[in-house]
Amino acid sequence: MDRVDLIQAALEALEPSAAAKITPRDQDEARRIRGRLLGVLIRKWRLAAERSITECANFMGAEPQLIESWEYGESEPSLPQLELLSQFLNGRDSIPTGAHSAERETQAEYILLRLRLIGALLRAARESSDQPVEELSETVGLAAAQLTNFEFGEEIITVSDLTALAQALGLDMNYFAALPQNLPVWSQSGSLPTAPADSGSEWREFAAESDNLPFIRLAMAFQHIARADLHRIADALFAIIRAMAENNSRSGAPS
């Protein structure tokens, strides 16, 4: 089974139609329909992969009830969560004993980075369309403050809400999903890889500082990212920094 089956199936099934005009009053019902549809797809690919709900929950670091609620359309994952689940359903091993803590931290960092990148792309698309936050939030039936949190990556955005925003902005969902979807593979011990033999004492001193661990993990992830995607990440991160500076400037907070 192709590793992107679940993601591609979800994006194709939820792809917003340019011809479909959903009014703010209809948004809640549209979200319910998308949630149920996404749940059916998650269950379909889980059964095809011969994975149990408990196995999926263990990999995601969640309770089985959460996976069940996704499958029944009672709640929804974010796109990064769906990407992680897709990895597991398409052959990613369960988290090995001894690497549990490191792997959980890696997953959390992955989700945080992806949410910030998705938010930056969302903000860039909104600004390109010349739509104020208030106007777009009214169109999709979300609070303006919530939309702002989405753009700064400070609140989890469900796949359904992302679909509604993509529709309102005339975007293909692949605009958000084309970013890297692979976590770095950790060793059985959960430890960081050893430095190259010629790296010198600078690397050892840098790696010895616990505060530098996030930078090392990020560098490990970037090893698996194509050059074109690295450019997109750089642009997205720049957009985040610029947007936060603008927000701080308007609020009078120190930058």
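This text walks through the helices, core and ring contacts of a predicted model.

Start at helix H1, residues 5-14. Its buried residues are Leu-6, Ile-7, Ala-9, Ala-10, Leu-11 and Leu-14. These pack against four helices: H2 (27-48), H5 (79-89), H9 (159-169) and H10 (174-177).

Helix H2 comes next. H2 has 22 residues. From first C-alpha to last, H2 reaches 31 Å, close to the 32 Å expected at 1.5 Å a residue. The buried residues of H2 include the nonpolar Ala-30, Leu-38, Leu-41, Ile-42 and Trp-45. Gln-27, Arg-31, Arg-34 and Arg-46 are also among the buried residues of H2, as are Gly-35 and Gly-39. The partners of this buried set are H1, H3, H4 (64-71), H5, H7 (133-140) and H9.

Now the core. The largest nonpolar core holds 48 residues. Leu-82, Leu-85, Leu-89, Leu-165 and Phe-176 have the most contacts inside it. Helix H6, residues 100-128, gives the largest share of this core, with seven residues. Leu-82 shows how such contacts reach across the chain. Beyond its neighbours within four places in sequence, Leu-82 is in contact with Leu-6, Ile-7 and Ala-10. Those three are among the buried residues of H1. Leu-82 also contacts Leu-38 and Ile-42, which are among the buried residues of H2. Pro-77 and Val-159 complete the contacts of Leu-82.

Pro-80 is found in helix H5. At 1% relative accessibility, Pro-80 counts as buried. Which residues does Pro-80 touch, not counting those up to four places away in sequence? They are Tyr-110, Ile-111, Arg-114, Leu-115 and Ile-118. The C-alpha atoms of Pro-80 and Gln-107 are separated by 9.4 Å, although these residues are 27 residues apart along the chain.

Turn to the aromatic rings. The count comes to two aromatic pairs. In one, the ring centres of Phe-59 and Phe-88 are 4.7 Å apart and the planes are at 15°. Planes under 30 degrees apart count as stacked, so this pair is stacked. Phe-59 lies in helix H3 (residues 53-60) and Phe-88 in helix H5, so the pair ties together parts that are 29 residues apart in sequence. Phe-59 is buried, with a relative accessible area of 2%. Phe-88 is buried too, at 0% relative accessibility. The other pair is Tyr-175 with Phe-176. Their ring centres are 5.0 Å apart and their planes are at 80°, so the pair is edge-to-face. Tyr-175 is partly exposed, with a relative accessible area of 25%, whereas Phe-176 is buried at 0%. Phe-176 is also one of the core residues with the most contacts.

Phe-88 has a charged partner as well. The charged end of Arg-51 sits over the ring of Phe-88, 3.9 Å from its centre.

What happens to phi just after H2? Glu-50 takes a positive value there, about 60°. Glu-50 is not a glycine. It is found in the loop between H2 and H3. Glu-50 is exposed, with a relative accessible area of 72%. Asp-130 is another non-glycine residue with a positive phi, near 60°. Asp-130 lies in the loop between H6 and H7. Asp-130 is exposed, at 66% relative accessible area.

Helix H7 has a buried side. Val-133, Leu-136, Ser-137 and Val-140 are the buried residues of H7. They cover an arc of only 100° around the axis, which puts them on the same side of H7. Glu-134 and Glu-138 are exposed on the other side. Gly-141 follows H7, with a positive phi near 75°.

One last stop is helix H13, residues 227-251, where Arg-242 has its place. Is Arg-242 buried, partly exposed or exposed? At 39% relative accessibility, Arg-242 counts as partly exposed. Arg-242 and Ala-120 are 122 residues apart in sequence. In space, they are 10.0 Å apart, C-alpha to C-alpha.

Note on methods:
Residues are numbered from 1 along each chain as its sequence is written. This is a predicted model: local features need pLDDT of at least 70, side-chain atom pairs count only at pLDDT 80 or more; totals for chains, interfaces and linings use all residues. Side-chain values use heavy atoms; hydrogens and water are left out. Buried means under 20% relative accessible area, exposed over 50%, partly exposed in between (1.4 Å probe, protein chains only). Helices (H or I, at least four residues) and strands (E, at least two) are DSSP runs, numbered from the N terminus. Contact means heavy atoms within 4.5 Å. A nonpolar core is a set of buried Ala, Val, Leu, Ile, Met, Phe, Trp, Tyr and Cys residues joined through side-chain atoms within 4.5 Å. Rings of Phe, Tyr and Trp (its six-membered ring) pair if their centres lie within 6.5 Å; planes under 30 degrees apart count as stacked, over 60 as edge-to-face and the rest as tilted. A charge sits over a ring if NZ of Lys or CZ of Arg is within 6 Å of the ring centre and within 35 degrees of the ring normal. The expected span of a helix is 1.5 Å times one less than its number of residues. The arc is that of the directions from the helix axis to the C-beta atoms.
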